[in-house]
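Here's a short tour of a protein model. Take a look at it first, and then we'll go through a few of its features together.

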Amino acid sequence: MEAASSSACPACDSSGARKTGAYGEYSLLRCGACGLVFSDPLAHPSAEFYEKSETYEKRGEMIGMPYLSEGLPEGDIDYKFWNFSKFFRDGIKPGGSLLDVGCAEGVFLGEAAKRGYCAVGIDINRRAIERIRAARPGLDVHACTLGEFLKGDGRTFDVITSFEVLEHLENPKEYLREAREALKSGGVLVLSLPNLDRNPDYTLAKFDNPPHHLTKWPKKAIDGFLERNGFVVERHEIADPRFSYYFKLIGLARLDILVGLRNRAFRGRKAGAGGAKAGGKEGARRIANSIAKKAVWTLATLMFFASSGLGKLTGGKPIEGPNHYIVARLRE
Ligand SMILES: [Zn+2]
């Protein structure tokens with residue numbers, strides 16, 4: 001076994017984490033106390049890294065922008081955005097003030113504004129913020145970190161959301177300190193992030209490792225971390241384990257690209273012809289979505305049962321769903 005490392009766990013400060021793997025020049029350490037897996041060195045790769053990333057750029061152009069300028073069609077929200085759909089179904093502080101930290105292309109932010117939240121978005125990726133400003137000039141967005149935002153802006157919020165952000169940060173504890181500062185009394189922090197105990201997806205290794213994901217959280221680690229840092233975890237859900245396969249299949253079918261193209265085509269028509277034609281198109285789009293969703297979901301279910309059966313035979317751990325969804329209230 002590898003010797004214990006001198007690096008303290010960024011979630012619980014325990015020392016003596018042990019090396020559990022490596023990715024490129026990074027070591028991956030597992031904390032013996034809380035179970036967090038973290039990168040060594042634990043260093044954020046800078047805003048330029050994300051601005052220059054072809055994947056983030058492509059995703060922004062193809063997926064984010066059509067959704068942002070046209071709004072997210074009702075049927076698409078649970079088709080692709082499990083976490084957003086959960087948030088809106090929960091009806092957390094409706095009509096309240098909301099800060100979306102790590103808003104990327106603003107898909108969630110646009111939806112929150114449309115549904116009556118007084119929404120502000122921040123992201124370190126300046127290109128993403130410029131794109132939001134071009135597509136939806138009315139949205140209140142800023143290219144900065146939460147720490148920089150707090151220095152320049154005295155506003156406090158009823159809700160802070162951070163979807164798939166925490167795992168990118170080099171100092172998660174600092175983030176919670178800043179979130180406490182930016183929340184009103186009784187305010188709520190809503191997070192989603194990848195689950196360490198999900199089905200390992202080797203094709204995603206590039207993105208689920210440093211310098212992208214610097215920390216990997218099992219349920220116990222994230223709940224304890226929030227509770228120790230001034231929050232009461234009110235709700236913690238783990239996505240349906242079949243989502244691992246569902247998203248994989250969507251990725252394989254390049255549905256990201258197809259959805260982007262389809263929305264573009266749809267946008268063109270809506271702007272040109274009249275309402276009746278656009279209405280028919282919308283109906284057809286909904287039916288096509290529903291058929292595609294059912295087919296992919298059925299296949300994902302089969303894959304899940306096959307692989308969990310195989311796991312049981314070989315004595316493996318039961319597979320958990322791919323993501324955490326957490327609602328945590330500021331402790332009074
Ligand atoms: Zn720990």
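## A four-stranded sheet

This is a predicted model, and a good place to start is its open sheet, where four strands line up in the order β1-β2-β3-β9 with antiparallel pairing. The edges belong to β1 (18-23) and β9, each with a single partner strand, so one side of each has no neighbour in the sheet.

Now zoom in on β9. Strand β3 (residues 37-40) pairs with β9 in the antiparallel sense over two bridges. Follow Phe38 across, and you'll find Thr215 as its bridge partner in β9.

## One side of a helix

Which residues of helix α8 (residues 172-182) are buried? They are Pro172, Tyr175, Leu176, Ala179 and Ala182. They cover an arc of only 125° around the axis, which puts them on the same side of α8. That fits a simple rule: an α-helix has 3.6 residues a turn, so residues three or four places apart point the same way.

What covers these buried residues of α8 includes β4 (97-101), α7 (146-152), β7 (157-163), β8 (183-194) and β9 (215-216).

## Backbone oddities

Most residues other than glycine have a negative phi, and most peptide bonds are trans. Here are some exceptions.

A cis peptide bond joins Asp40 and Pro41, with omega about 5°; Pro41 sits in the loop between β3 and α1 (47-52). Another cis bond links Pro210 and Pro211, and Pro211 lies in the loop between β8 and β9.

Ala104 isn't a glycine, yet its phi is positive, about 50°. Ala104 is buried, with 25 other C-beta atoms within 10 Å. Glu164 also has a positive phi, about 55°, but Glu164 is partly exposed, with 15 other C-beta atoms within 10 Å.

How values were computed
Residues are numbered from 1 along each chain as its sequence is written. This is a predicted model: local features need pLDDT of at least 70, side-chain atom pairs count only at pLDDT 80 or more; totals for chains, interfaces and linings use all residues. A residue is buried if 20 or more other C-beta atoms lie within 10 Å of its own, exposed if 12 or fewer, and partly exposed in between; C-beta atoms are placed from the backbone. The arc is that of the directions from the helix axis to the C-beta atoms. Two residues are in contact if their C-beta atoms, placed from the backbone, lie within 7 Å. Two strands pair if DSSP finds at least two bridges between them.
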